[in-house]
Amino acid sequence: MDRLVASTLADVNTRLLAQFSQSPVDVAHRVSDRLAAAHDASHYLLTPLAVVRPKSLDEVANVMAICRRTAIPLTFRSGGTSLSGQAGTDGVLVDTRRHFRTITVLDSGARVRVGPGATVRAVNNRLASNGRKLGPDPASEIACTVGGVVANNSSGMSCGVHANSYCTLDSVVVVLPSGTVVDTGVEGADLRLREAEPGLYHGLHRLRERVRGNEESVRRLRKLHALKNTMGYGLNSFLDFDRPIEILQQLMVGSEGTLAFVAEATFRTVPTMKYVATELLVFPNLADATTALPALVDAGLATIELMDAASLRVGQRDPEAPEELRELNIVDHAALLVEYQEETEDNLARRLTEAPALLARLPLSQHAALRTDSDRRARLWHIRKGLYAAVAGARPPGTTALLEDIAVPVERLAETCAELQRLFDRHGYEGCVIFGHAKDGNIHFLLNERFDRPEMLARYEAFTEDMVQLVLSQGGTLKAEHGTGRAMAPYVRRQYGDELFDVMWELKRLVDPDLLLNPGVLLSHDPDSHTRHLKTAPPVEEEVDRCVECGYCEPVCPSRDLTRTPRERIVLRRELERARNVGDVELARTIENEYEYDGIQTCAVDGMCQTACPVLINTGDLVRRLRSESVGPVSQAMWKTAAGHWDAASRAGSLALSIGNAIPTALPAMATRLGRSIIGDDVVPLYTEDLPAGGQQRRVIASDDPAAVYFSSCTQTMFAGATSEGVAESFLRLCEQAGIGVSTPQDIPSLCCGTPWKSKGFTDGYDAMKARVRESLLRATRGGDLPVVCDASSCSEGLAVLLDVAAEGVFRVVDAVAFIDEHVLARLPRLEQLTSLTIHPTCSSTQLGINGALQRVAEAAAHSVTVPEDWGCCAFAGDRGMLHPELTAVATKPAANNVAAQATAAYASLNRTCEIGMTRATGETYVHILQVLAQTLPPISDQS
């Protein structure tokens with residue numbers, strides 16, 4: 001079926017939708033819902049008929065029953081970081097991220113029970129206080145989910161084959177295609193399986209004996225699973241375990257959603273190594289680097305990560321790259337990122353004593369020494385973990401990035417890498433990179449291809465055949481940790497032989513007799529299936545064309561549970577372009593109409609996506625431009641006028657809130673609802689009773705010897721604070737206590753950071769305010785000699801952008817919290833600390849890199865400080881929380897649940913609208929952290 005034809009509503013299977021209409025399960029079947037879900041990090045693209053989001057095991061079983069009755073296959077998907085094409089379908093796509101994110105720490109962290117939608121990072125954050133973590137440590141831990149980790153037997157940097165999913169899985173709860181729910185962790189689970197599924201039970205026993213009774217099968221499985229190996233099913237389960245319930249549990253690992261739905265997984269955790277030492281060892285070439293591996297492995301290094309010359313060049317461009325990497329003149333160099341990880345300080349000291357002699361024997365290009373510098377370590381790992389997406393993001397326009405994943409015995413890695421480079425040259429692939437987990441003989445290589453040209457597809461097919469021959473001739477495996485997927489399904493027989501391939505098919509038919517789950521993935525009789533449904537990526541918009549659809553941005557996006565994620569906003573723009581290119585006017589119009597609310601109105605343009613994106617895409621830039629293109633001349637003129645009279649405009653807004661606060665809530669609420677119905681709900685804010693009254697006009701302050709220019713935020717004028725003393729008064733009182741004088745611009749009431757104009761796309765007004773602020777601050781800062789201090793984190797960020805701080809360097813913009821942390825805290829008298837305090841970092845404080853300052857100021861104000869584990873952008877976004885309160889409600893729900901579970905004496909943030917959003921979400925009164933700190937100052941009489 002043609003994908004564009006299938007993507008129209010008329011072709012959605014009506015019988016399927018009729019079945020779902022009788023079910024309580026959440027079903028999304030609009031064009032944009034299905035097209036957005038068609039994309040993952042792989043080079044495949046299939047458009048589902050519908051996207052369902054079940055909330056419970058019963059609903060999952062119901063979905064399976066519906067798909068059996070309609071003979072439509074289904075595929076489970078969570079993070080969508082899958083690189084081998086195992087997370088896409090043209091049937092029913094079951095999204096497990098929204099309702100299966102539970103994390104329960106057991107046995108003081110020795111075990112953890114997790115839903116398939118929880119990310120690895122979220123689980124490890126929950127385990128951190130226990131000094132434990134998951135064994136699997138994939139580089140995509142920010143976005144990949146536990147469901148995917150189990151389904152693909154994900155491993156990563158240091159877990160090898162001793163602490164991966166297979167080795168650390170304690171129990172699972174699965175829903176079989178029959179609808180039977182199996183919990184392998186309950187007492188008598190084996191007997192329960194025999195009673196509930198006798199055919200399956202005895203079939204597993206029969207397959208166990210078949211595998212064990214074939215010497216060649218045993219030999220081959222032992223050899224292949226001594227390496228990282230995710231090709232085909234994990235038939236080593238039949239060798240390692242005896243009881244059918246245990247075998248079934250372990251077969252779930254690496255099954256890629258083709259056998260059952262893993263609804264819950266319990267893992268045995270591993271200790272977090274507190275004492276680490278890291279270094280980037282640079283070699284003249286790849287051969288020298290790989291030849292050094294045996295000595296480094298023998299030295300007991302926990303991680304040895306390979307990066308070839310092309311990888312290093314990409315790493316050089318990362319803003320966080322250490323100086324020695326940025327300055328390296330890369331020719332044919334290669335590097336190994338190595339690290340010791342130890343439980344005790346003495347053990348690490350012993351390792352470091354031995355390290356110089358080890359390094360002295362290596363042919364290094366520059367001096368190296370393993371170091372315990374945590375900041376440098378973070379920079380190096382940031383480069384390594386983001387390498388795939390960063391390299392793929394630098395691909396030529398119109399090409400698709402393919403990341404292959406192989407493993408060979410370590411002693412054969414050097415020869416394999418050399419031959420791979422020859423294959424790149426033979427087939428004309430330029431700019432390819434080789435990197436990966438060298439300690440395990442597991443490397444990744446990335447190449448770029450155009451699948452819209454037949455000759456390019458033929459080249460890819462020829463290269464793949466040569467690559468398969470190379471890896472198998474070296475005694476390796478064609479997939480080490482990314483899963484078989486569609487990419488290698490046709491080659492499973494080649495790697496395992498006829499007998500084990502037949503066992504795998506017998507297993508598939510035994511557990512899933514209708515072949516319902518994820519067909520075409522992991523096993524295939526079609527020798528060309530790996531070249532079907534290939535994805536193209538037409539250039540669309542400069543802001544986002546680098547996107548490789550990895551999904552790293554999704555867990556931090558505040559609208560992810562309401563409408564669209566950054567990845568989905570981008571891929572829908574690509575789908576729109578595709579529709580236009582083929583002249584499908586109806587499809588293009590439908591995407592545009594659905595995109596208005598999903599993609600534009602409910603984007604918080606908070607920039608959190610950029611903090612997670614390896615190629616630093618801020619999808620908010622795209623949305624802001626789209627908003628500006630839709631702005632009419634009347635609106636542009638009105639907001640430009642407001643920029644010229646901002647003092648009056650902000651006081652008018654303040655007055656409106658004060659009036660609304662003084663009269664019955666129903667009246668202003670009714671008025672705003674009427675206005676929204678006439679003018680539009682993305683124009684007129686909705687008045688609600690939890691909004692504060694208006695604040696006070698900003699004061700002009702003069703100082704004979706100012707240390708800084710104070711740029712108080714106009715949000716303080718718009719919204720009154722929750723305490724009698726405003727943020728400005730608190731900031732000034734703290735500075736006074738420290739003997740620090742500040743002044744303000746003479747026209748401060750008329751100035752703004754420009755965010756209201758920028759976020760809405762009012763470019764004319766933004767330019768007018770920019771010119772006004774720049775002129776005023778040049779006078780106030782004496783040409784840039786004094787720093788500019790702002791008391792709202794979003795305004796601090798906005799002001800830095802407005803003044804082009806990064807590009808021009810004329811002005812220095814400092815958030816008030818960072819200023820107090822650096823210049824004031826040490827000068828304050830002994831504070832009367834609160835017992836406990838909950839703080840809410842913001843998207844802008846994260847972007848500014850001042851969350852550490854926020855923590856230190858909070859620790860000065862309270863004995864105990866809590867940061868909710870699930871904090872994220874509140875999505876109030878200036879007025880977005882009043883225009884679309886449903887966005888803020890969804891964005892704040894996880895953090896609100898954390899707050900409800902642990903009461904504290906006070907609650908604080910560092911941005912007025914965020915304080916309003918969090919107050920609305922939690923029912924607790926949030927104030928600015930500087931107001932909290934000022935409250936802890938002792939009375940003047942006590943200080944004397």
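Does Thr-81 count as buried or exposed, and at what relative accessibility? In this predicted model, Thr-81 has a relative accessibility of 18%, and it counts as buried because the cut-off for burial is under 20%. The residue is found in a loop, the one that links β3 (74-77) to β4 (92-95). Once residues up to four places away in sequence are set aside, the contacts of Thr-81 are Ala-41, Ser-140, Ala-143, Cys-144 and Cys-550. One of these partners, Ala-143, turns up again below as a member of a nonpolar core.

It helps to step back to the whole chain. The protein is built from 44 helices and 25 strands, and its C-alpha trace extends about 90 × 70 × 60 Å along the principal axes. The radius of gyration is 29 Å, which agrees with the value near 30 Å that a compact globule of 944 residues would have. Of those 944 residues, 60% are buried. Among contacts with a separation of 6 or more, 75% join residues that lie 24 or more positions apart.

The interior comes next. In soluble globular proteins, nonpolar side chains tend to be buried together. Here, the largest nonpolar core holds 107 residues, and the members that touch the most others are Leu-336, Leu-420 and Met-467. Helix α23 (residues 498-511) supplies the largest share of this core, with 7 residues. For a closer look at one of these members, Met-467 can be followed to its partners: leaving out neighbours within four places in sequence, Met-467 is in contact with Glu-404, Ile-406, Leu-420, Leu-423, Phe-445, Leu-478 and Met-488. Leu-420 therefore appears twice, as a contact of Met-467 and beside it among the members with the most core partners. A second core, separate from the first, is made up of 59 residues, including Leu-83, Ala-143, Leu-325 and Val-544.Finally, a pair of helices can be examined where they meet. Helix α2 (residues 14-21) packs against helix α4 (residues 57-70) at an angle of about 145 degrees, and the two axes are 10 Å apart. The crossing of α2 and α4 is right-handed. On the α2 side, the contact is formed by Arg-15, Leu-16, Gln-19 and Phe-20, which meet Val-63, Ile-66, Arg-69 and Thr-70 of α4. By type, the residues of this contact comprise 4 nonpolar, 2 polar and 2 charged.

Definitions and conventions
Residues numbered from 1 in each chain as written. Predicted model: local features only at pLDDT ≥ 70, side-chain atom pairs only at ≥ 80, totals over all residues. Heavy atoms only, no water. Axes fitted to C-alpha atoms, helices over the stretch in contact; angles between N-to-C directions. Helix = DSSP H or I, 4+ residues; strand = E, 2+ residues; numbered from the N terminus. Left-handed = near helix turned anticlockwise from the far one by under 90°. Contact = heavy atoms within 4.5 Å. Nonpolar A, V, L, I, M, F, W, Y, C, P; charged D, E, K, R; others polar. Core = buried A, V, L, I, M, F, W, Y, C linked by side-chain atoms within 4.5 Å. Buried < 20%, exposed > 50% of the residue type's maximum accessible area, 1.4 Å probe, protein only. Rg over C-alpha atoms; globule rule 2.2 N^0.38 Å.
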